[in-house]
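User: Hey, I've got a structure open and don't really know how to read it. Can you walk me through it?
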Amino acid sequence: MNRRLLPILALYAVAAAAIVFLYRDAYSQDGGLHFLLARWAWKRPITFVEVWARPGFTVLYSLPAQLGYLPAKLFSVLITALAAWQTAAAARALKLERPWMAAPFLLASPVLFLLSTETMTEPLFALAFATALRLHFEGRIALSLVVASLLPTLRPEGFFLCAVWALYDRRPRLLLLGLATAVWVIAAWALSGDPFYLVHHWPWN
């Protein structure tokens, strides 16, 4: 699979990197805001647990964001390439014919391709979801649940996906699906002094 997958990922990386350098702005203000929140989180630690900042994204991007906006955008290209790799690996774990084809179908999605050149949360969410699915298909259930627990820290719909996952496989170890959220709640409590910080700061709409 690697012989076919690597050229696809390389072609994507070159095309996406070209867009990053040719179009140095963002199509949405959200990308710039996420970048700034990640960049300055070390100066204002409460940012790491804020709902809008998305803690999983902020923690990971807080380091490349120190290098500047373009390096952070290139980091998104890397994240998306890894998401495509994991998607193909999930297809292989399912024993699908031509599993490597999953990567170009993912990368050729216009919306994902656009977001992959921005500092948005969607590519990282796709990486976590694809990795969790791959681990599940490989029979590494506990680890897949731990990875899936990261989804709510990346995007709000992560809570919904975790709920669907819980309905699909009701076992005691499903408590692992709440692991990252529990860490988020505890960290928010420690940084803010408010045990209900997430409830009090969740956007009303």
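Analyst: Sure, let's go from the overall fold to one residue.

User: Anything to know before we start?
Analyst: This is a predicted model: local features need pLDDT of at least 70, side-chain atom pairs count only at pLDDT 80 or more, and totals for chains, interfaces and linings use all residues. Residues are numbered from 1 along each chain as its sequence is written, and side-chain values use heavy atoms, leaving out hydrogens and water.

User: Cool. How many helices and strands does the protein chain have?
Analyst: There are 11 helices and zero strands, counting DSSP runs numbered from the N terminus (helices: H or I, at least four residues; strands: E, at least two).

User: And why call it as compact as a globular protein?
Analyst: Because its radius of gyration is 18 Å, close to the 17 Å that the globule rule gives for 205 residues. That radius is taken over C-alpha atoms, and the rule is 2.2 Å times the number of residues to the power 0.38.

User: How much of the chain is buried?
Analyst: Buried residues are 46% of the 205, where buried means under 20% relative accessible area with a 1.4 Å probe, protein chains only.

User: Switching topic: where does Asp-194 lie?
Analyst: Asp-194 is in the loop between α10 (179-192) and α11 (197-201).

User: What does Asp-194 touch?
Analyst: Leaving aside residues up to four places away in sequence, Asp-194 touches Ala-188, Trp-189 and His-200; contact means heavy atoms within 4.5 Å.

User: Is Asp-194 buried or exposed, and which side chain of opposite charge is nearest?
Analyst: Asp-194 is buried, and the nearest such side chain, Arg-44, is 13 Å away. Lys and Arg count as positive, Asp and Glu as negative, while His and the chain ends aren't counted.

Key: Buried < 20%, exposed > 50% of the residue type's maximum accessible area, 1.4 Å probe, protein only. Salt bridge = Lys/Arg side-chain N within 4 Å of Asp/Glu carboxyl O.
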